[in-house]
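Let's take a stroll through this protein together. Have a look at the sequence and the model, and then we'll pick them apart piece by piece.

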Amino acid sequence: MEALTAAGLGLLEREGMEAVTLRRLAKELQTGPASLYAYVRTLQELHARVLDRVPADVDLHSRLDGDPRARLEAICTSYLHVLLRHDGLARLAAGVLPYGKNAIA
């Protein structure tokens, strides 16, 4: 699953959101599109998995004890920096509700 998600993120960064399709991803992984359905059921699920991979880079552990607002601002700033480092991710984030372990964290 990690290879699938990494390949999807690579496509997003190199070619934009429109390139992140099951058919294009299958070509990238040198397999048939039908074989990807063992890992994801829909294109939206693929997009959610790609989107969930990146929040692992968000700093959730800012040492701003006692000031919840400052901590929230630091987390949001970190998330913004992550989105800006991955071209196309902000556009994907605007249309997909991530539900994986990184998004939940």
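Which residues of H4 are buried? They are Glu-45, Leu-46, His-47, Ala-48, Val-50, Leu-51 and Asp-52. Keep in mind as we go that this is a predicted model. The buried residues of H4 pack against H1, H2, H6 and helix H7, which covers residues 101-104.

Let's zoom in on one residue of that list. Leaving aside residues up to four places away in sequence, Leu-46 touches Leu-4, Val-20, Thr-21, Leu-22, Leu-25 and Val-40. Leu-46 is also among the residues with the most contacts inside the largest nonpolar core, together with Leu-12, Leu-25, Leu-89 and Leu-92. That core has 23 residues. Who supplies them? Helix H1 (2-15), helix H2 (22-28), helix H4 (43-53), H5 and H6 each chip in at least two residues, and H1 gives the most, with five.

Now for H5, which runs over residues 68-85. This helix has 18 residues and reaches 26 Å from its first C-alpha to its last, close to the 26 Å expected at 1.5 Å a residue. Its buried residues are Ile-75, Ser-78, Val-82 and Leu-83. They cover an arc of only 140 degrees around the axis, so they sit on the same side of H5. Part of what covers them is helix H6, residues 89-95. Turn to the face pointing away from that buried side, and you'll find the exposed residues Arg-69 and Leu-84.

Arg-69 is a handy way into the salt bridges, and the structure holds eight of those. Arg-69 pairs up with Glu-73, with the closest N and O atoms 3.2 Å apart. The two are four residues apart in helix H5, which means about one helical turn separates them. In general, an α-helix has 3.6 residues a turn, so residues three or four places apart point the same way. Arg-69 counts as exposed at 62% relative accessibility, while Glu-73 counts as partly exposed at 44%.

Back in H4, there's a pair with a similar story. Arg-49 forms a salt bridge with Glu-45, and here the closest N and O atoms are 3.1 Å apart. Again the partners are four residues apart in their helix, H4, so about one helical turn lies between them. Glu-45 is buried, with a relative accessible area of 8%, whereas Arg-49 counts as partly exposed at 29%.

Next comes a bridge that links two helices. Arg-14 forms a salt bridge with Glu-28, with the closest N and O atoms 2.6 Å apart. Arg-14 lies in helix H1 and Glu-28 in helix H2, so the pair ties together parts that are 14 residues apart in sequence. Arg-14 is exposed, with a relative accessible area of 51%, and Glu-28 is partly exposed, at 33%. These two have company, too: Arg-14, Glu-15, Arg-24 and Glu-28 are linked in a network of salt bridges.

One last stop is the loop between H2 and helix H3 (33-36), where you'll find Gln-30. Its phi is near 55 degrees, a positive value in a residue other than glycine. Why does that catch the eye? Most residues other than glycine have a negative phi. Is Gln-30 buried or exposed? Gln-30 is exposed, with a relative accessible area of 75%.

Conventions: Residues numbered from 1 in each chain as written. Predicted model: local features only at pLDDT ≥ 70, side-chain atom pairs only at ≥ 80, totals over all residues. Heavy atoms only, no water. Expected span 1.5 Å × (residues − 1). Buried < 20%, exposed > 50% of the residue type's maximum accessible area, 1.4 Å probe, protein only. Arc of directions from axis to C-beta. Contact = heavy atoms within 4.5 Å. Core = buried A, V, L, I, M, F, W, Y, C linked by side-chain atoms within 4.5 Å. Salt bridge = Lys/Arg side-chain N within 4 Å of Asp/Glu carboxyl O.
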